[in-house]
Every structure is written in structure tokens, then in C-alpha cells.
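Hi everyone, thanks for letting me have a few minutes today. I'd like to walk you through one protein chain, step by step, and I'll try to keep it friendly for anyone new to structures. Let's put it up on the screen.

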Amino acid sequence: MSDLLLLTNALQPSAEVIPGLALLGHQVKILPAEGSALLEAPDSDLLLVDGRQDLAHARDLCRLIRTTGTEVPILLITTEGGLAVVAHDWGMDDVVLHTCGPAELEARIKLAIGRLTARREADDPEAHVIRSGDVVVDDATYTAKIGRRPLDLTFKEFELLKFLAQHPGRVFTRQQLLQEVWGYDYFGGTRTVDVHVRRLRAKLGPENETLIGTVRNVGYRFVVPAKESAAEADSRATEKAERASLHR
């Protein structure tokens, strides 16, 4: 789930600007497609610029955004007719038709955010290492360990542990975990999540299986170990924020 910022002058909900977005689980904030709106814009993982009705204005807005020095990916929304005039020097990272389906839109969003993440990780060797309590997940080498003990995980078990550890304390429904870990197009049932959680707990061991907590009638969450003080958590959050600010 990502935080998206939609810049549009249309008096419509996001589902009308680009219908495929309504079927995805992202958080969407809508602001006017004006440079001044960016001054108070919240932090976001990706910008969507509406160019369906005024492509020239959307082009100028994309270029203006780039002059601010932001690295946040920009997706330009256009009509099929607008594709004929779109050029590489407009400043956006990708172009998407307003009629595109949710699967295509999700793929473009993930690819754009993924490219930015890869660039940042190349500059920061520690950016791909997730630490939460005794759990250490290295996204670059696809290895995980608890304390000094390596965990022998399958690919999906690794992805599930990584995703939960990235959001300690946050509760995710089984459907959300299916979308984030297995992908939007996965057609299996939510029982798949329960099976992988059970296997992951078994590999964590009896003394650590409670790290993957069950929230009755809701889903699962990564439980921050009690021995991890609030000060330590705040310190890591500050370090992460400082690293991120260096790449903005």
C-alpha cells in the first residue's frame, strides 16, 4: 500500500479521473493541479498528474515539479489521443492511459516506486536491511536471521516476513497481505496467508513465534519485542527519516 498524490483540476473523485485506481488499496490524496498546491502537499510515494483535459498545463506542471529537486516518481495520466504528443523531456517517469485497468496501473506504480527505491539503496548500503528486534532481513541478499541464527525461508515466507517487519505493530488483513505479498493478480484464497504464517512461525521457533501476532477477526501484525525500548524505536525512525531526506 502506497501514499499517492493526485494532482487534478477536475471536480471529480479519483475513481472518475482514473477508474482503475479505485480497485487498488492505495491511500490517495487529491490536490489542485497547480504549482502552489505542492507547497503544502503531504509526503507521498508517487505523483499522478491529470493531463486528460489540458495536456499542455500537465506538461508544464511535470516540468515544474522536477525543478523542485524531488525524486518522487511522476505518472502522467492522458487520453489515447494525448499519447501522440507526449515527449521524453516533459519530466514525468511514465505515462498511463486514464482507461487502463487496475493490474496495469498497479504494475506501473510498483515499477516507478521500485526504480526510485533501487537508486536510493545503491547510495545507501543499509537501506535494504530491515531490523526489528532480533529479526534482520536483508532485501539485497534475500537472507533473514533471528539473532545469529539464519532462517531457511521460501521466497514467499521471506517476502511475508519482510513486509510485516517493515511495518511493526501495524495490522494487515489477509486480503491486504495477499495483495502486497502475492500480488494483485493472485487468485488463491486467503487461506494461503494462514498457511504461510504457520510455516513462518514454525521456522522462527517456539521462543519467537509470537513475533507474528494474530488479531482476531482482522489479520496479522509484526509484534515489536517488549525488550525493544521506545527510545530505540524512535532512534531508528529518526535515522531512517534522515537517510530519506538526503535523497529528496
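Let's start with the whole chain: it has 248 residues, and 40% of them are buried. Please keep in mind that this is a predicted model. How many helices and strands does the chain have? The secondary structure comes to seven helices and twelve strands. Now take the contacts between residues at least 6 apart in sequence: 58% of these join residues at least 24 apart.

Here is a pair with that kind of separation. T67 and G91 are 24 residues apart in sequence, and their C-alpha atoms are 9.2 Å apart in space. T67 belongs to helix 2, which runs over residues 55–67. Is T67 buried or exposed? With a relative accessibility of 61%, T67 counts as exposed, because the cut-off for exposed is over 50%.

Now to the element I want to spend the most time on, helix 6. Helix 6 covers residues 191–204, which is 14 residues. We can check its length with a little arithmetic: at 1.5 Å a residue, helix 6 should span 20 Å, and its end C-alpha atoms are indeed 20 Å apart, so the two agree. Right after helix 6 comes G205, which has a positive phi, near 95 degrees.

Which residues of helix 6 are buried? They are T192, V193, D194, V195, H196, V197, L200 and L204. A general point helps when you look along a helix: an α-helix has 3.6 residues a turn, so residues three or four places apart point the same way. And what do the buried residues of helix 6 pack against? Their partners include helix 4 (155–166) and helix 5 (174–182), and among the strands there are strand 8 (143–146) and strand 11 (212–215).

Let's take helix 4 first. Helix 4 and helix 6 pack at an angle of about 85 degrees, and their axes are 10 Å apart. That angle makes the two helices roughly perpendicular, because anything from 65 to 115 degrees counts that way. On the helix 4 side, the contact is made by K156, E157, L160 and L161, while helix 6 brings H196, V197, R199, L200 and K203. Sorted by class, this contact has four nonpolar, one polar and four charged residues.

While we're here, helix 4 passes the same kind of length check. Its twelve residues should span 16 Å at 1.5 Å a residue, and the end C-alpha atoms are 16 Å apart, which agrees. Helix 4 is mostly covered, with nine of its twelve residues buried. Those buried residues are E157, F158, E159, L160, L161, K162, F163, L164 and A165.

Next comes helix 5. Helix 5 packs against helix 6 at an angle of about 75 degrees, with the axes 9 Å apart. This makes helix 5 roughly perpendicular to helix 6. R174, L177, L178 and W182 in helix 5 meet T192, V193, D194 and H196 in helix 6. By class, the contact of helix 5 with helix 6 has four nonpolar, two polar and two charged residues.

Now for some rings. A pair of aromatic rings is described by the distance of the centres and the angle of the planes. The model has three aromatic pairs. One of them is F163 with F172: the centres are 4.7 Å apart, and the planes are at 55 degrees, a tilted arrangement. F163 has 10% relative accessibility and counts as buried, and F172, at 2%, counts as buried too. Ring pairs also link Y142, F155 and F158 into a cluster.

Y142 deserves another look. Y142 has a positive phi of about 55 degrees, although it is not a glycine. Where does Y142 lie? Y142 lies in the loop between strand 7 (135–138) and strand 8. At 43% relative accessibility, Y142 counts as partly exposed.

My last stop is N217, in the loop between strand 11 and strand 12. N217 is not a glycine either, and its phi is positive, about 65 degrees. With a relative accessible area of 77%, N217 is exposed.

That's my tour, and I'm happy to take questions.

Conventions:
Residues are numbered from 1 along each chain as its sequence is written. This is a predicted model: local features need pLDDT of at least 70, side-chain atom pairs count only at pLDDT 80 or more; totals for chains, interfaces and linings use all residues. Side-chain values use heavy atoms; hydrogens and water are left out. Helices (H or I, at least four residues) and strands (E, at least two) are DSSP runs, numbered from the N terminus. The expected span of a helix is 1.5 Å times one less than its number of residues. Buried means under 20% relative accessible area, exposed over 50%, partly exposed in between (1.4 Å probe, protein chains only). Contact means heavy atoms within 4.5 Å. Axes are lines fitted to C-alpha atoms, for helices over the stretch in contact, and angles run from 0 to 180 degrees between N-to-C directions. Angles under 35 degrees count as roughly parallel, over 145 as roughly antiparallel, 65 to 115 as roughly perpendicular and the rest as oblique. Ala, Val, Leu, Ile, Met, Phe, Trp, Tyr, Cys and Pro count as nonpolar, Asp, Glu, Lys and Arg as charged, and the others, Gly among them, as polar. Rings of Phe, Tyr and Trp (its six-membered ring) pair if their centres lie within 6.5 Å; planes under 30 degrees apart count as stacked, over 60 as edge-to-face and the rest as tilted.
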